[in-house]
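Trainee: I would like to go through this model one part at a time. Could you answer some questions on it?

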Amino acid sequence: MLAGAIERLGREALVFAVLRALTLVGGVAALFVVPLRAEHELHFLPLLAGFVLYKAALLALLLKWAERSREIFFATLAADLAVVFLLVWFTGGGESHFYLLFYPLVALNAYYFGPGIGVFAAAAASGLLAAANWLVVPAAPWAHVAARAAILGLLALALGHVAVRERRARARVEQLNREMEAAMARLARAEQLAAVGRLSAKMAHEVRNPLGAINLNVDMLGDIVRQCPGPAMSEAHDLISDIHTEIRALAELTDEYLVAARLSRLRLEKEPLNDLVIEAVGLLRPVAARQGVAIELDLDDVLPALASDGAMLRQAVRNLLKNSLEILPHGGRIVVSTRCAGDQAVITVADSGPGVPPEAAAHLFEPFFTTKARGTGLGLPIVQQIARQHGGEVTWANRPGGGAEFTIRLPLRGGSDD
Ligand SMILES: Nc1ncnc2c1ncn2[C@@H]1O[C@H](COP(=O)(O)OP(=O)(O)O)[C@@H](O)[C@H]1O
Ligand SMILES: [Mg+2]
């Protein structure tokens with residue numbers, strides 16, 4: 001339990017507490033060798049007992065409320081100053097050498113709390129020094145007291161300032177450290193993903209060719225079946241249609257891997273953005289019609305032509321449309337719009353589906369993240385990569401009325417091609 005409390009207190013606070021205690025212990029111990037004034041002998045024992053009690057209580061407080069150590073230190077600053085004041089007073093006021101104890105005390109507090117509280121401690125110490133000088137007759141020359149006070153103030157300012165700078169530098173180093181660790185973790189993950197990506201692209205490539213051959217053979221089988229009428233053959237025809245559907249799904253899946261692997265340099269050409277969007281939508285209209293989903297276009301006619309890689313942008317819009325189609329029930333609706341916003345061209349795909357589930361929100365653009373049984377998790381990372389290669393960005397939001405909305409923004413002055 002003690003070890004836990006010390007750990008919570010932190011190294012800096014612990015060192016501060018020990019040094020502060022040592023300053024005063026040293027002072028009190030010195031009383032044994034310094035002759036006390038006759039009228040103060042009487043008070044020596046109560047002072048010693050009070051001091052021991054005070055330090056024990058402080059330690060207990062610190063261990064109990066380790067996280068409030070700053071407040072505790074600040075609250076007990078006055079008590080520490082008072083102890084030194086009593087020492088000075090009892091051993092000769094202005095003539096006493098115990099005023100020296102104010103220096104380590106002010107220095108420690110200035111270092112721990114910064115220049116503000118440091119100067120405050122110096123001012124309080126100077127006041128107490130003056131009071132001790134005034135209480136003991138004969139008083140030392142006031143010029144001495146003033147000089148000591150000035151040095152106390154200087155000490156507090158200088159050390160407080162150094163402490164603030166040092167702490168700032170330390171915080172910066174710690175932050176850089178954290179950032180570097182995060183960057184290393186990202187790099188390690190990126191390397192892992194790149195390796196997995198290469199492997200999956202190779203797999204996809206190997207699967208794609210036999211898939212084409214199977215498709216061709218199933219087509220021929222379909223022709224044969226059509227030439228042999230009869231009830232059994234009608235069932236065979238349905239089965240062949242099912243096989244076709246599965247082959248199509250598999251082909252799309254492998255295509256996504258292949259596109260992801262092929263994203264390389266852009267081939268920029270000036271092309272009207274609206275044409276690209278219309279083509280991408282046209283490709284998926286049959287699928288939407290089969291599903292009973294309506295795709296509406298809301299295009300900005302005065303959108304300037306944009307230097308872009310048409311094939312890639314079509315791919316990006318297609319990926320967004322596919323995601324909407326995959327999630328929409330019969331009767332669903334997709335609106336694809338384009339508009340100009342400042343120096344950006346904006347393409348938006350909004351659907352009337354259930355929206356992005358909260359648990360998926362943070363991972364949408366991570367490669368291989370999917371919530372679908374047969375998803376690749378590559379659609380959105382591809383969209384993001386394409387948008388970035390054009391110097392743009394893709395963002396998303398769940399619409400207040402329901403459904404998700406994905407927005408691609410592209411700079412109109414052309415993007416980078418790396
Ligand atoms: N229009 C959308 N509505 C709701 N969720 C979506 C939408 N588009 C994408 N998502 C979510 O983002 C995930 C990742 O999409 P994506 O990268 O295209 O991979 P995949 O489609 O293979 O799952 C999806 O699994 C889904 O959970
Ligand atoms: Mg997808």
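**Helices, domains, ligand and strands**

Mentor: Start at the N-terminal helix: Gly10 follows α1 and has a positive phi, near 90 degrees. Bear in mind throughout that this is a predicted model.

Trainee: How many of the eight residues of helix α1 are buried?

Mentor: A residue is called buried when 20 or more other C-beta atoms lie within 10 Å of its own. Helix α1, residues 2–9, is hardly covered. The count of buried residues in α1 is zero.

Trainee: Which helix gives the most residues to the largest nonpolar core?

Mentor: That core has 41 residues, and those touching the most other members are Val84, Val88, Phe102, Val106, Ala110, Ala125 and Ala156. At least two residues each come from α2 (11–30), α4 (69–90), α5 (102–113), α6 (115–135) and α7 (142–227). The most, 11 residues, come from α4.

Trainee: Which residues does Val88 touch, leaving out those up to four places away in sequence?

Mentor: Val88 is one of the core residues that touch the most other members. Contact here requires C-beta atoms within 7 Å. With residues up to four places away in sequence left out, Val88 touches Gly93, Ser96, Phe98, Tyr99, Leu129 and Ala132.

Trainee: How many residues does the other core have?

Mentor: This other core lies apart from the one that includes Val88. Among its members are Val277, Ile334, Ile347 and Leu410. Its residue count is 38.

Trainee: Which helix supplies the largest share of the side of domain 1 that touches domain 2?

Mentor: Domain 1 covers 1–262 and domain 2 covers 269–411, and their C-alpha centres lie 44 Å apart. Eight residues of domain 1 and seven residues of domain 2 take part in the contact. On the domain 1 side, α7 and α8 (231–262) each supply at least two residues. The largest share is six residues, from α8.

Trainee: How many residues on that side of domain 1 are nonpolar?

Mentor: Sorted by class, the side of domain 1 that touches domain 2 includes one polar and one charged residue. The nonpolar residues there number six.

Trainee: Why does Gly222 count as partly exposed, and how far is it from Ala236 in space?

Mentor: Gly222 lies in helix α7. Gly222 counts as partly exposed because it has 15 C-beta neighbours inside 10 Å. Gly222 and Ala236 are 14 residues apart in sequence, and their C-alpha to C-alpha distance is 8.5 Å.

Trainee: Which helix gives the most to the shell around ligand 1?

Mentor: The shell has 22 residues, of which Asn323, Thr370, Gly375, Gly379 and Leu380 come nearest to the ligand. By class, the shell divides into nine nonpolar, 11 polar and two charged residues. Helices α10 (310–327) and α11 (379–389) each supply at least two of the shell residues. The most, four residues, come from α10.

Trainee: Which residue in the hairpin of β4 and β5 takes a positive phi?

Mentor: Strands β4 (residues 333–341) and β5 (residues 344–351) pair in the antiparallel sense over eight bridges. The hairpin has two residues between the strands. The one with a positive phi, near 65 degrees, is Gly342.

Trainee: Which residue in β7 stands opposite Thr348?

Mentor: Thr348 in β5 is the bridge partner of Ser337. Strand β5 is also joined to β7 (residues 404–411), antiparallel, by seven bridges. In β7, the residue opposite Thr348 is Thr407.

Key:
Residues numbered from 1 in each chain as written. Chains lettered and ligands numbered in written order. Predicted model: local features only at pLDDT ≥ 70, side-chain atom pairs only at ≥ 80, totals over all residues. Core = buried A, V, L, I, M, F, W, Y, C linked by C-beta atoms within 7 Å. Buried ≥ 20, exposed ≤ 12 C-beta atoms within 10 Å, placed from the backbone. Contact = placed C-beta atoms within 7 Å. Domains from an automatic or database assignment. Nonpolar A, V, L, I, M, F, W, Y, C, P; charged D, E, K, R; others polar. Near = placed C-beta within 6 Å. Pairing = 2+ DSSP bridges.
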